[in-house]
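Hi,

Here is the structure I said I would pass on. Have a look at it first, and my notes on the side chains follow below.

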Amino acid sequence: MAISSVRPLLTVKRVIPPVRDGAVARAGPVGRLRAARTRLTVVVAPAGWGKTSTLSGWAADPDEERRIAWVSLDESDDEPARFWTYVLTALREVSDEISEEPLRSLGAADVSPVDLALPVLLNELATATQQHVLVLDDYHVLTDPRIHEAVEFLVSYLPPALRLVIAGRADPPLPLARLRARGDLTELRAGHLRFSPDETAALVSAVAGVPLDADAAGAMWKRTEGWAAGVQLAALALRADPGRLDGDDRHLLDYFAADVLPGLAPRQRELLVRSAPLELLSGPLCDAVLRTTGSADVLAELERADLFVAALDADRQWYRCHRLLRDALRHEAGADPDDVLARAADWFASHDRIDDAVSHLVRAGRTEAAAALLTETAQPWFFERGAAATFLQLGEQLPRSVIGPVLGHTLGYAAALCGRQERVIHWLDESAAGVRPDTELAGWHSFRAAALCMRCTFGVPDADPGLAVELAREALALETAGGGGNPTVGLALGAALVRDGQFDEGVAILLPLWRRDWAGWPPWLVLQVAGTLTVGLVELDRGPECDRVARDAAPVAAVVEREGREAATPGLAHLRTAEGRRRYREADLGGAVESLRRAAALAELHPRSIMLVVALVYLADAELACGDRPAARAALARARDVVDEEGLTGFAASRLAEAEARLGRRSARAAVRSGAVLEELTDRELSILRALQGTASQREIASAHFLSINTVKAYTKGLYRKLGVASRQDAVATGRELGLI
């Protein structure tokens, strides 16, 4: 199922933070960053070491000629679709050699970024003439392993036109040792970021307005050990009392609370203390949350005074207080932090930032209100914007006690849109546990029917199509018991029957629904039904009816292709499969091969393995009819891999066996080789190649390597390409011949 790929973004998070007026030039670390040409640069140090300010100083350096894309990360970005939306948008904004296609590809349901969006990006960068750097600041806030896997994939295949800089408080969970050994890693750590005595003197003089002689600067440097935040705090303390150069044994943060805060104007102190729970600050937000006026002026004053409030954009609309100081400020007397967060949620909601509103309600402990807001805005705000992954991420932060059956069902739907089959099942189970006889779901007569319909469509693997049919039949009976009912249940049953090879009954259900209602459906549903229906019709050899349905759907398919939304519309692959088979049967062999190659490529992007096998078998027949036996063998070898890996039975497996018999089973699984390895395998590819020697499935290999199944599939595609093979068996054989395993 496809949803628009437009997601709500904060522009300020994609803006390079401006360099503070009077900032001390950091020649050492900036020079190291400017000279770095390795695939990955990590800037790792604890809080307060000046990571962000050093990076922004480097980005503003006129000697840095590369185009720099920047993403400032926070906890809300700990979800793959949101993370990569920010990354791809940031890259697109700084380069005219990166198209919108990678970003559009994120809108494809069930498709991991490593399957489509990142390969598209890497292909575009491979031909780019400009040099780019992507900066990911505060990377340590991310915990989702799917993000780390995809970033590792990106680093593994980076072309020369892009380099990656990651900044955070801890090493990113990437293969740093391997990159270091290969010379692909540049590192800046606390030792590189440490202020020198001269830099310490310059910063203290700039902040405190007190010149330091060499001895005083040396003493200050020893006391702070060059820690940027410590130097800044000491300078503020010195500004408050120019006579005190030696300090005492209190922790430097105590100076801020005991000596700096009391010296502030009352409105400056009030804003800092009361806004401490907020990650981002703006004048209008603080006015609303603190129930005051003039906050924009106060924030500007605090930034000019070097009081740990940094502007996040050149227009000085958004600011951030250093997290280190926010922690200290929370101990000061101020407003109830939960009330502050709740009022911030109201402000974000009134400004159509529903995701931020829900996030603040969760942080405030107002989880019932958060659940209600999620339920109310699911379709009109999240799903219409393509933010199903964000919806799922926020919902999974809620305690189970506030998630009723309707919200649980909606979270299952969001999981389906994201291709998270295991979470679909989880949330449907959770939802079912709370259902009462009077539970209602908008648009449905029966809540249980809606749940069964979703389960049979998204929660049953293709290896068990009979179960999907059974669930769909039960859903249809429940939904239509009193007459009428939601038409979706009929579509679900018809599609399940076609996937199970029960073409007569499946077509008998789908064709009347198509003739009666299709003109009012959204594009993804038009192509989903048309694709499934035409495959059923072509299998029944009802060619003219298949052609009529294809003609009806052609304008919708053309719009989808013109707008580059093919990957977000799984039904398009099925439609092109049926059209290709019709051309084959009409003896248009060239047209059949062209259509079916495209259909098979599109089908690879989606989890309907039955339809992928059908497309590959049809393609093999067309290739063989054109006399290209190697291409036919390759198609059948790929189909056999899918059938064996997914444990498929039924009509798809039967069609494959028949095609293999026509071509000869042994030759169908023979190697399709292009000679020696085209380029060096990465360490990750080699480890997966070794695993392919055994009997472990790709899911088992993924588990053993702590990777997702999609990431393993992406690496497998890469090593197949490099080895010039089309199947697992051939990859192992070629690897052994070349001495790789």
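**Nonpolar cores**

Not counting neighbours within four places in sequence, V151 is in contact with F83, W84, Y139, L164, I166 and L174. V151 and F83 also turn up together in the largest nonpolar core, which has 169 residues: along with W58 and L136, they touch the most other members. Before you go further, bear in mind that this is a predicted model.

There is a second core too, separate from that one, with 64 residues, among them W514, L533, A600 and F651. As background, nonpolar side chains in soluble globular proteins tend to be buried together. Keep F651 in mind, as I come back to it below.

**Aromatic pairs**

I have 12 aromatic pairs for the structure. One of them is W381 with F382, an edge-to-face pair at 4.8 Å centre to centre and 70° between the planes. Are these two residues buried or exposed? W381 has a relative accessible area of 5%, so it is buried, and F382 is buried as well, with a relative accessibility of 0%.

F503 and F651 make another edge-to-face pair, because their planes stand at 85°, with the ring centres 4.9 Å apart. What does this pair tie together? F503 is in helix α26 (residues 503-517) and F651 is in helix α33 (residues 650-663), so the contact joins parts that are 148 residues apart in sequence. Both F503 and F651 are buried, and F651 is the residue I mentioned from the second core.

Back at W381 and F382, ring pairs connect them with F383, F391 and Y413 in a cluster. One ring elsewhere has a charge for company: the charged end of R26 sits over the ring of F195, 4.1 Å from the ring centre.

**Salt bridges**

How many salt bridges does a search of the whole structure find? The count is 47, and I picked out a few for you.

- R267 and E301: their closest N and O atoms are 2.5 Å apart. R267 belongs to helix α13 (residues 266-274) and E301 to helix α15 (residues 295-304), so this bridge ties together parts 34 residues apart in sequence. With a relative accessible area of 41%, R267 is partly exposed.
- R515 and E545: these side chains meet in a salt bridge at 3.6 Å, N to O. The pair links distant parts of the chain, with R515 in helix α26 and E545 in helix α28 (residues 543-562), 30 residues apart. R515 is exposed, at a relative accessible area of 56%, whereas E545 counts as buried at 19%. The cut-off for buried is under 20%, so E545 falls on the buried side.
- R576 and E579: the closest N and O atoms here are 2.6 Å apart. Both residues are in helix α29 (residues 571-585), 3 residues apart, or about one turn of the helix. R576 is buried at 14% relative accessible area, and E579 is buried too, at 18%.

Salt bridges also build up into a network that links K13, D74, D77, R82, R353, D355 and D356.

If you open the model, you could begin with helix α26, where you will find F503 from the aromatic pair with F651 and R515 from the salt bridge with E545.

Cheers

Terms used. Residues numbered from 1 in each chain as written. Predicted model: local features only at pLDDT ≥ 70, side-chain atom pairs only at ≥ 80, totals over all residues. Heavy atoms only, no water. Phe/Tyr/Trp six-rings, centres within 6.5 Å; stacked < 30°, edge-to-face > 60°. Buried < 20%, exposed > 50% of the residue type's maximum accessible area, 1.4 Å probe, protein only. Helix = DSSP H or I, 4+ residues; strand = E, 2+ residues; numbered from the N terminus. Lys NZ or Arg CZ within 6 Å of the ring centre and 35° of its normal. Core = buried A, V, L, I, M, F, W, Y, C linked by side-chain atoms within 4.5 Å. Contact = heavy atoms within 4.5 Å. Salt bridge = Lys/Arg side-chain N within 4 Å of Asp/Glu carboxyl O.
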